[in-house]
Each structure stands twice: as structure tokens, then as C-alpha cells.
Amino acid sequence: MPPHHEEEEDKPCRACSDFKTWAKLQNKGSKTAPTKPPPPQSKECPLDKEELGKSTWGFLHSMASYFPDKPTKLQSENMSRFFNIFAQFYPCEPCSLDFLDDIQKNPPKTKSRDELAKWLCERHNTVNVKLGKPLFDCSKIHERWRDGWKDGSCD
Ligand SMILES: Cc1cc2nc3c(=O)[nH]c(=O)nc-3n(C[C@H](O)[C@H](O)[C@H](O)COP(=O)(O)OP(=O)(O)OC[C@H]3O[C@@H](n4cnc5c(N)ncnc54)[C@H](O)[C@@H]3O)c2cc1C
């Protein structure tokens, strides 16, 4: 089960909401629109669901694309453990519950870099389908997250 922060139960979860929903929840009970304007871009604020998701996928895909081609048994086992633990503690509970369910049905594939990167790409595509976002072409995973596009646009 994911962590349950009882002391924070009555606080809206910013990491589980987009900014607009979070601002509305903050003002629960009030009939008027959120009174606080969104913070200026220059302020460093807690992440909402989209910001957290984008940063996290960036980290996870980069980690997969830099995983060894031929990992040791221990590296493979630890990477599987990492994803099982990560899924329990991802700080957006609905996201975490669905991701846990998905990786129980599709356990981490950690025998090589290519296998891991493809597996993770497929997990991300499962979330993309749920959210109505376009599917990513998993044959381009290392171009996106390690090598840069073949047309040289990242060089
Ligand atoms: C584990 C996890 C579970 C999540 N579950 C939910 C959820 O249940 N509900 C919810 O509302 N949000 C969820 N999110 C957040 C959601 O997936 C997005 O991160 C968020 O909506 C922002 O989307 P985005 O359009 O900026 O691009 P993102 O989906 O964050 O993608 C970032 C970049 O990754 C690349 N990319 C896209 N798809 C793939 C892929 N398949 N493989 C490799 N690279 C790819 C693209 O270049 C894209 O610009 C989850 C995030 C994570 C990390």
C-alpha cells in the first residue's frame, strides 16, 4: 500500500492535482473563484501533478537509458526493487495506485538497458492512453533520452 499521510488528510494534495483543481480545492466552501492569484513564475513553488509527472518521467527514462547494457544480477535485482519501491511512494496517490497495479501485471524487465527502456516506455504509454495523450514511439526512446535526435537538432 502507498504511504498514507494521516496528519495531512484534510489538506488538498497538490501533487495529485493540476494547478486549477488545486486552487479550487484550497477554496473549498467558498463560492467565489480562488482569491489567491497563481504565484509568479519566478517563485519556486511545490510541484503540481503535471510538473511532478514531467520531471519524474525525465528522471526515470534517463535512468533507464543509462542503465548498463549488461547489468550484473545485483543491478538487475536492485532496479526491479527500485521500481516496486518507487511505485509505493510516488506522491500522487491515484497515480501511484494505478502504476502499482500496472507494474504488478507487467513487472520490471531489467536484464538489459534496451529491455528496461522499452518496458518503461510502455508503462508511460499506458498512462498516456489513460490521459488521452499521444503514444510515444518506443523505437526512439534512446534518441529522446540519451543520444539526441538523429537529425542532429540536439547537438
Ligand atoms: C509513474 C507516473 C504515473 C502517473 N500517473 C498519472 C495519473 O494517473 N494521472 C495523471 O493525471 N497524471 C499522471 N502522471 C503524470 C502524467 O503522466 C504526465 O507527466 C503529466 O500529465 C504531464 O504530461 P506532459 O504532457 O507534460 O508529458 P509527460 O507525459 O510528462 O512526458 C514528458 C515527455 O516524455 C516523453 N514521452 C512521452 N511519452 C513517453 C513514453 N511512452 N516513453 C518515453 N518518453 C515519453 C515526451 O517527450 C514528453 O514530452 C503520472 C506520472 C508518473 C511519473
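Me: Accessible areas here come from the Shrake-Rupley method with a 1.4 Å probe, and for residues only the protein chains shown count as cover. What does the accessible surface of the protein come to, and what share belongs to carbon and sulfur atoms?

Reply: The protein has an accessible surface of about 10900 Å², and carbon and sulfur atoms account for 56% of that surface. This is a predicted model, in which local features need pLDDT of at least 70 and side-chain atom pairs count only at pLDDT 80 or more, whereas totals for chains, interfaces and linings use all residues. Residues are numbered from 1 along each chain as its sequence is written, and side-chain values use heavy atoms, with hydrogens and water left out.

Me: OK, and the fold? How many helices and strands are there?

Reply: There are six helices and zero strands (DSSP runs numbered from the N terminus, with H or I over at least four residues for a helix and E over at least two for a strand), and the pattern along the sequence reads α-α-α-α-α-α.

Me: What fraction of the residues is buried?

Reply: Of the 155 residues in the protein, 32% are buried, where buried means under 20% relative accessible area, exposed means over 50%, and partly exposed is in between, with a 1.4 Å probe and protein chains only.

Me: And how much of the contact network joins residues at least 24 apart?

Reply: Taking contacts between residues at least 6 apart in sequence, 60% join residues at least 24 apart; a contact here means heavy atoms within 4.5 Å.

Me: Now the ligand. Which residues come nearest?

Reply: Lys49, Trp57, His124, Lys130 and Arg144 come nearest among the 22 residues around the ligand, and a residue is near a molecule if one of its heavy atoms lies within 4 Å of it.

Me: Which polar atoms does the ligand meet at Cys121, Lys130 and Arg144?

Reply: At Cys121 a backbone N or O atom lies 2.9 Å from a nitrogen atom of the ligand, while in the side chain of Lys130 an N or O atom is 2.4 Å from a ligand oxygen. A polar side-chain atom of Arg144 lies 2.7 Å from an oxygen atom of the ligand. Polar contacts are pairs of N or O atoms within 3.5 Å; within protein, one must be able to donate a hydrogen and the other to accept it, and residues adjacent in sequence count only if both atoms are side-chain atoms.

Me: How much of the ligand does the protein bury?

Reply: The ligand exposes 950 Å² when taken alone, and the protein buries 86% of that. The elements giving two or more residues to the shell around the ligand are α2 (49-65), α4 (93-105), α5 and α6 (141-147).

Me: Stay with α2 for a second. Is His61 buried or exposed?

Reply: His61, which is found in helix α2, counts as buried because its relative accessible area is 3%. Beyond its neighbours up to four places away in sequence, His61 touches Leu120, Cys121, His124, Ile141 and Trp145. His61 and Ala117 are 56 residues apart in sequence, yet their C-alpha atoms are 6.7 Å apart in space.

Me: What about Thr56, what does it contact?

Reply: Thr56 also has its place in helix α2, and it counts as buried because its relative accessible area is 14%. Leaving aside neighbours within four places in sequence, Thr56 is in contact with Phe86 and Tyr90.

Me: Switching to α5: why does Arg113 count as buried?

Reply: Arg113 counts as buried because its relative accessibility is 15%, and its place is in helix α5 (residues 113-131). The side chain of Arg113 reaches the backbone oxygen of Phe67 at 2.7 Å. Not counting residues up to four places away in sequence, Arg113 touches a set of residues including Tyr66, Asp69, His142 and Arg146.

Me: And Glu115, where does its side chain have a polar partner?

Reply: A polar atom of the Glu115 side chain lies 3.3 Å from the backbone nitrogen of Thr110. Glu115 lies in helix α5 and is classed as partly exposed because its relative accessible area is 29%. Glu115 and Asp69 are 46 residues apart in sequence and 9.2 Å apart, C-alpha to C-alpha.

Me: Last one: where is Cys16?

Reply: Cys16 lies in the segment before α1 (19-26), and leaving aside neighbours within four places in sequence, Cys16 is in contact with Lys49, Pro91, Cys92, Glu93 and Pro94. The C-alpha atoms of Cys16 and Cys95 are 7.7 Å apart, with their positions 79 residues apart in sequence counted as the separation.
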